[in-house]
Amino acid sequence: MLRTTDSPLQAAATHDVAAIKQSLTDHLLYSVGKDPLFATSRDWYLAAAFAMRDRMIDAWVPSMRSYYDNDVKRVYYLSMEFLVGRALTNSMINLGLYDAFREATESLGYDLDELQSWEVEPALGNGGLGRLAACLIDSMATLGLPGFGYGIRYEFGMFTQHVEQGWQVESPENWLRYGNPWEFQRPGVIYPVRFGGRVVRFRDADGRWSYQWVDAEEVMAMAYDVPVPGFGGKTVNNLRLWAAKSTREFNLKYFNQGNYIESVRDKNESENLSKVLYPSDSTERGRELRFRQEYFFVCASLQDIIARFRKAHSNFDLLPDHVAIQLNDTHPAMTVAELMRILVDEHHYDWDRAWGITVRTCGYTNHTLLPEALETWPVDLFERLLPRHLEIIYEINQRFLNDVRHRWPGDVDLLRRMSLIDENGGRRIRMAHLAFVGSHSVNGVAEIHTELMKSTIFADFDRFQSGKINCKTNGITPRRWLLAANRPLADLISGRIGDGWISRLDELQALAPFAEEAAFREQFAQAKRLNKQRLAQVIEQRLGVPVDTESLFDVMVKRMHEYKRQLLNLLHVVTRYNRIRANPTAFMVPRTVIIGGKAAPGYFMAKLILKLINDVADVVNNDPLMQDRLKVVFVPNYNVSTAELIIPGADLSQQISTAGTEASGTGNMKLALNGALTIGTWDGANVEICEEVGEDNMFLFGLTAQDVARMRREGWDSVAAIAANPELAQVLEMIRSGYFSPDQPDRFRPIVDSLTLGGDHYLMTADYEAYIATQERVDRLYLDPDEWMRRAILNVARMGKFSSDRTVAEYGADIWNVKL
């Protein structure tokens, strides 16, 4: 049995399976429109979704009403991504209805897992940014915090990843093909969003300068609401997503002339705004579309926030007391300029008063230290599409730099570095600077990331506004990532320490003494075996590759990027391959290397590395000398549902980014919580995980962020490092010469060139030797399964800090000033 909560809601539902069964059959007939005699399992999934949605509404409406009745301060979380995953099981668990629904569906002759398999995962995000947003809104509801998510309802998401002849191939992620039973369309909640036009400046009747943005084109933003249930069923919050609608649906004149394409041109161009997540920025039109998307969702969200605020308040001076807006990275940074435009232009607040309101309302979360990932937009794009916002940004910048100039007179270089306008190589707006200046709080997402923010990208700002930068270490929701994803382990834990850990993850520390108990270690190992068997079945079904469940499952699942260093993982795989071939009779711990992740469509090097992974897999998996001692598997289209299959089955978690590049990471937390040991660098949240679980229970290696900074300053001779390490030289020569690509021997030469001629920016050659040595330590420990399980249990027991409930509580107390 899957243990959930003992809330009154669960107790009532557990004894009312008949009511749920009746609800299922009613929805099948009246909502899906199917006779049970002819209904498919997909039809029954839809009936289950509608039945579950009914029960969420029972808590959703009172939650929303209580916020109005009590005039509470609301938190609005603005994010371009919400990687929410499937809703059916998660909502049942959070409302305490899982067991009752399972019993009801089984009584109708259907398996609940089979029904959930028909749910198409919402294509509303891609990586850690979106998954963090989803975890945080789950925790807001669980803690009873009045939190709302705002994003875009992407019709086709980012892309569905296929692998053809080893290459990534993208196709539309058509997740709405069969509709979405979890959402409510709100045709009555629709706002105009303007682009282009010009600004008219004039004096009003009192002689004050006023501004009007005129002659602009309009797109309409229509709301779609998705309930977000908290664990325990007491609070259900809201995720509001915007879809673009045209103000001119159809031109009958063109249609009657036979010009069918022109008749819907305006509609198509307007609605492109919410078609895809992150349109490719390799073209001018793609960059403009992405720019429009960001303003579109900011503008619609702010109109909605203010409309809600004004139902009870007319004085905008009270806005920061009733509204907290959190900017998830720089994508919503235009919030600062848009809120100023609303206050100054539409409500005629003087600048200083409006600025004080804006700063006290907004908070900014930074997610990257990579200079190339800090978003900037060309000034001419603002001039053409958002002319009034450009004027406002210029004014913000002038006033801000005046304050800096008064503090440090004569330091022209400092002004250049801190300016909101980058004057080098074409004038661009630095969106991170705008978000920093326009927020009262700027937070990092791990301790090391926060300290590096202070010493690198925001060093000048920290000196100017000391104390503004703070740390809110990321977290994950244990409801989805342990209770739902790993039922064998969740039941084992609850059987020993109770189920309080589900909402108070620090209670897992009570597991630590059981690590010394042989019987519990065997039970823990059995849970891991069950998960590995399930994963092995999925791999064979999907990819046709049989894998040995007794082998060490070595997992690296994350977005494809050079700084995450999937290539370093692959260098170890080829090293291991060479060692087996050189001494085929020697014993070596069997490994199944499992890799997953998408590469951005325009990211050449990431896609080439993905191809190399598949070419290496083809060679390794078909070499008879390997004899199941080494397998390599690339799992396509990595998403939340796939993660829920892979993560519980992992033995080893690869977290090997170059030190100082990963802001935090949450995959490291999910894997450790599910009993995988981490092999990782001193980067992101790895450092804090180490502080909690103990260095003896992880495999940390390599350079520190300080080492990386020093080596980049002084220069790193990667060619000499390669020459000094015969194994590394052999591996790179095999890749360069076409050992894994005989059909095109020079295919992977750019990869090797990036490590030699390119100077190895991410320092893989510098960490290679330590990484290989640490992998040998992994092998030695895996030969002692009892000790491996002891350390795995301690990892689980000491992960209490990394609950998103703790993260949200800290945001609430330190940034949002809301009562929990």
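This is a guided tour of the predicted model, going from the whole chain to its cores and then to two helices.

Residues are numbered from 1 along each chain as its sequence is written, and side-chain values use heavy atoms, with hydrogens and water left out. Because the model is predicted, local features need pLDDT of at least 70 and side-chain atom pairs count only at pLDDT 80 or more, whereas totals for chains, interfaces and linings use all residues.

**The whole chain**

Begin with the whole protein chain selected, where the C-alpha atoms fill a box of roughly 90 × 75 × 65 Å along the principal axes. The radius of gyration, taken over C-alpha atoms, is 27 Å, which agrees with the value near 28 Å that a compact globule of 820 residues would have; that rule is 2.2 Å times the number of residues to the power 0.38.

Switch to a cartoon view, in which the protein chain has 35 helices and 22 strands, these being DSSP runs (H or I of at least four residues for helices, E of at least two for strands) numbered from the N terminus. Of the 820 residues, 60% count as buried, meaning under 20% relative accessible area with a 1.4 Å probe and protein chains only. Among contacts (heavy atoms within 4.5 Å) with a separation of 6 or more, 76% join residues 24 or more positions apart.

**The cores**

Next select M52, W501, F524, L571 and W788, the residues with the most contacts inside the largest nonpolar core, which has 144 residues. Such a core is a set of buried Ala, Val, Leu, Ile, Met, Phe, Trp, Tyr and Cys residues joined through side-chain atoms within 4.5 Å. A second, separate core of 123 residues includes L273, V323, F458 and I815.

Return to L571 and add L728, V731, L732, I735 and Y768, with which L571 is in contact when its neighbours within four places in sequence are left aside.

**Two helices**

Now select residues 686-693, helix α28, which is mostly covered, with 6 of its 8 residues buried. The buried residues are N686, V687, E688, I689, C690 and V693, and what covers them includes α19 (447-455), α27 (667-673), α34 (785-797) and the strands β20 (652-655), β21 (677-680) and β22 (699-700). G694, which follows α28, has a positive phi, near 95°.

Finish at helix α5, residues 98-107, where Y98, A100, F101, R102, A104 and T105 are buried. After α5 comes G109, whose phi is positive, near 90°.

Conventions
Buried means under 20% relative accessible area, exposed over 50%, partly exposed in between (1.4 Å probe, protein chains only).
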